[in-house]
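Reader: Hello! I have a model open on my screen and would like to look closely at one part of it. Could you walk me through it in a friendly way?

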Amino acid sequence: MPKTQQDFSPQSFTAFGDLLRYLRERAHLSQRELAALVGYHFSYISYLEKNTRIVDEATLRGRFVPALGLEDKPEWVTRLLELAKNKKNDTPVIGSGAESNLSEIVPEREENAGVLPTSLTVMIGREYESTRLRKLILDPEIRLVTIAGPPGVGKTCLALNVARVVSAAFKNGVVFADLTPIRSPEALLPALALALGIPESTKAPGEEAIKNALAKKSLLIVLDNFEQIVDAAPQLLPLLGAAPQLKILATSREILRLRGEQEFHLAPLPVPDEHKNKSFEQLQDFPSIHLFIERAQAVKPEFKMDEKNASLVAEICFRLDGLPLAIELAAARIRTLSLSSMLEHFDRRFEWLTQGARDLPAWRQTLQGAIEWSYNLLSEKEKALFARLSVFNGGWTLQAAEDICSDDELCLRAEILNLLMQLVDKSLVTPEPEEERYNFLETLREFAAHKLKESGELERLQKRHSQYYLKFSQTAKPHLLQGSAQLLWLHRMEREHNNLRAALAWVVEESKDAELALEFGRAIHIFWLTRSYIHEARHWLGKILELDSPPTETRANLLRFASDYASSQGDYTNANLLEEEAMEISRALGDEAGIYYSLDGMAMLAGMQGDYAKAAELLEQVLAYRRRMGDMLLLTGTLNNLAIATRRLGDLERAKLLYADAIKINKEAGNTKSLAHALNGLGEVHVQLKEYETAVQLLRESLLIRHQL
C-alpha cells in the first residue's frame, strides 16, 4: 500500500480492510462514528478493517457509501465492491477437498443463501458467539449443533446470521425449517420434507425418502424452535447417518440430548453491573446498550444516549437481564414512553413490552408471549415448581427448594431435584455450580411470580419462605458471634441477603406478625452489625418495634440493638430514648442480664458523647457482673470498651492490661471479630506510648482479620 497520500488511487489497495480504513479516515470518522452511521457495533468495523469480516454488496451500497461520502466517487465504490467480492471467493467449500482448512473461518457474509428468511436488521453484540458457532459448524467432526438458551435470548437471530455466513461452504446451501407450527414428534419428518422440497405423495414422506434426497448433498439444515417436539430428536440420527455431508443446526430452549450433539448455550447480552458506576464511554461499549440505542433510533431517529440519560438506558438493560427480545421491545416503546416512565412502570413490564414486529410469530411479539411459549411446554409438576421458585429473591439452594416448595403431590420432596434439573435443561433456571445454587433471570422470576399469584399459593409459600430463613438466621447466629466458622457463615448470610430481606418484608409488612418479627430481628442483628449494614438495621428494627408487641425480653434486646445503631450514626437523642425504654422493661421483668445490657449501652452512649468518666464508672459495674457470670463472649466486649474509656482518661497501663486480657480470652474462644478490636486498641495504646514497632505489628494483625471479615 502506498505510503504517501498523493500516490493513493483506488487500484493502490489490494485488501478490503485497508481500503475501508483509508476511506473512513479520509472522511474524518472514528470507528465508533462510522459504526453509528451504518448501524453496526463499533467492534465490527474493527473486524472489517482487519479483513476478518466482510459485508454484502447491498449493505456496502446502501449504508457504507453514503456514510463515507462516496456517492459521487464511482471509482472508489467500484474498487470497494471488487475487493469485497474477491474476499468472498476465498471461502472454502465442504466436500471439495478443503476440509483441512476449515479451522480457517469462512469470511463473514450477510448475503441470503438458500431459503433462509430475510433479515432487515443487523445482529448486534454477538461477534464472539458468531465466531465460536461458525467454528463448530465448519468442524468436520461435528455434525449436529444445538443453540440453547432462555426465551428472547436471540437463538434464531444468531442461527440465521451464522447460517448466511457459512452458506458458501455447503455446495447445496442452507435449508431453513421453522418447527413452531408443529406439536407432534410425528410431524417432524413431514415438515422437514416440505422444507427440502420433496414432492408430496398420498401419504406423508417417510424417512427413506428424506434420506435418499439428502444422501449426496452438502447441506446445512437449520431447525428452528425444536423445544416443543424435543422427543422427536432421535429421528435426526438416521438422516445424519445416511448423508455424510449433511449438518444440522438446531435452536431450542432445551438441549436435544443426542449422541454427537454439540451444545451451544447462548447467554443474554452483557449488561452493566448494577453496583458499579460506569463512565459514559464505558456504557457505550455494552452490546445490550448498543442494541437499545439502535432499535430506539429505528422508531425515533432523533433519540440519542447522552450523559444525562445513559444511566437510565443502562438500568433498563440491566433490569431486562440483557435479553435481546426484551430490549428491542423496550426500545420500540421510546415513541410513547420516556426512559424514566419505563423504569417507573417496571413492575408492569409485561403490559408494555409488547408490539414486536408483525412479521414475527405472535408469541415473539410480546415478552410475555415469548416466555408463555416455554411455560406452556412444561409438565404440570414443572409448572408448579417454576412458579413456587419465584418466592426466592437472589437464588436458592437445593435444600431451600426442597424445604419450601415441596408440600403436596405436585412437588414431592423426592422429585424436587429432578424437576429442578428439567427446568435447567429447558433454560428457565440458571445453575450456579460453584456456589451450589440456582437462580432465575429477573424477567423469568417476574413471570413465575405472576403464575404463583394466580395459583393462590403465594401467601402459603411466603410464610414457608419466611420460616425457613428465620431458622437459617437462628442457625447462623452463634457461628457469627464466635468460632472458626465465622467467615463461612458470613458468606452464607451475604449470599442469602436478598432472601432475608424478602422474608423480613413479608413478616413485617404483610403478615405483621410481631412475635415472628422480633425473633427475626434478634437472629439477623449480628449479621447487620458485623457487615456494618447500619442504615438497613435501623430501617428494619424501626418497623419491627412499631408493631404491637408486649414488653418482653426480646423487645428489650431489640430496643438496645436499635439504640446501638442510632448512636453509631450520631443520633444520640433517639439512642438514649431507646436504651431507657429497654431498661424499664428489664427492670419490670426483673431481668438482671437485661439491666446490665442497658448499663453497658448507656456507658457506650456516655463515651460517644465524651463523658469517659461516666462511661468507665458504668463499665466497671458491668465488668464485675460479666466476670461473675463467666460469659466470656460478653466479657471481651466489656474489656475492650472499658479499655477505650480508661485510655481516653489517660490510664494507659490499665488499658494495656484490659486489652491483653481481652486478646487472651478471644484467642482461646476463637472470637476473631472481638480479637480484631482488642488488637487495634492495644496498638493505639502503644502508639501513645511511642512504641511504634509493637504498634505497627498489632495494627497489621488487626487489619488482616478485619479484611477477612
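What covers the buried residues of helix 18?

Author: Happy to take you there. Please keep in mind that this is a predicted model. The cover over the buried residues of helix 18 includes helix 17, helix 19 (398-405), helix 20 (416-425), helix 21 (442-455) and helix 22. Helix 18 is mostly covered, with seven of its nine residues buried. Those buried residues are E382, K383, A384, L385, F386, A387 and R388, so the list takes in charged residue names such as E382 and K383 beside F386. 

Let's start with F386. The rings of Y375 and F386 have centres 6.0 Å apart and planes at 45 degrees, so this pair is tilted. The pair joins distant parts of the chain, with Y375 in helix 17 (residues 367-376) and F386 in helix 18 (residues 380-388), eleven residues apart. Y375 and F386 are both buried. The structure holds 15 aromatic pairs, and ring pairs link Y375, F386, F392, W396, F440 and F447 into a cluster.

Just past helix 18, you can look at L389. Leaving out residues up to four places away in sequence, L389 touches W396, A401, C405, L420, L423, V429 and F440. W396 and F440 are also members of the ring cluster. The largest nonpolar core has 167 residues, and F292, L389, W396 and Y469 touch the most other members. Helix 25 gives this core its largest share, ten residues. Apart from this core lies another, of 30 residues, among them A193, I210, I221 and L258.

From helix 25 we can step to helix 24. The buried residues of helix 24 pack against strand 7 (437-439), helix 22 (458-481), helix 23 (486-495), helix 25 (514-530) and helix 26 (534-546). Helix 22 is also among the elements that cover helix 18. In helix 24 the buried residues are H497, N499, L500, A503, L504, A505, W506, V507 and V508. At 1.5 Å a residue, the 15 residues of helix 24 (residues 497-511) should span 21 Å, and the end C-alpha atoms are 20 Å apart, which agrees. After helix 24 comes K512, with a positive phi near 50 degrees.

Two other residues with positive phi are worth a look. S532 is not a glycine, yet its phi is positive, about 60 degrees. You will find S532 in the loop between helix 25 and helix 26, where S532 is exposed, with a relative accessible area of 51%. H28, also a residue other than glycine, has a positive phi near 60 degrees. H28 lies in the loop between helix 1 (16-26) and helix 2 (31-38) and is exposed, at a relative accessible area of 71%.

Rings also meet charges in this model. The charged end of R492 sits over the ring of W489, 4.6 Å from the ring centre. For R26, the charged end sits over the ring of W76, 4.9 Å from the centre.

Further along the chain, T638 belongs to helix 31 (residues 632-648). T638 is buried, with a relative accessible area of 2%. Setting aside neighbours within four places in sequence, T638 is in contact with D600, L619, V622, L623 and R626.

For a contrast, turn to Q262 in strand 5 (residues 261-265). At 28% relative accessibility, Q262 counts as partly exposed. Not counting residues up to four places away in sequence, Q262 touches L136, I142, L144, V145 and T146. The C-alpha atoms of Q262 and Q297 are separated by 37 Å, with their positions 35 residues apart along the chain.

Finally, a word on confidence. The protein chain averages a pLDDT of 86, and 90% of the residues score at least 70. Over residues 1-6, pLDDT stays under 50, and the model has eight contacts there beyond four places in sequence. Over residues 88-114, pLDDT also stays under 50, with 68 contacts beyond four places in sequence. Where pLDDT is low, the predicted coordinates should not be read in detail.

How values were computed
Residues numbered from 1 in each chain as written. Predicted model: local features only at pLDDT ≥ 70, side-chain atom pairs only at ≥ 80, totals over all residues. Heavy atoms only, no water. Phe/Tyr/Trp six-rings, centres within 6.5 Å; stacked < 30°, edge-to-face > 60°. Helix = DSSP H or I, 4+ residues; strand = E, 2+ residues; numbered from the N terminus. Buried < 20%, exposed > 50% of the residue type's maximum accessible area, 1.4 Å probe, protein only. Lys NZ or Arg CZ within 6 Å of the ring centre and 35° of its normal. Contact = heavy atoms within 4.5 Å. Expected span 1.5 Å × (residues − 1). Core = buried A, V, L, I, M, F, W, Y, C linked by side-chain atoms within 4.5 Å. pLDDT = per-residue confidence, 0-100.
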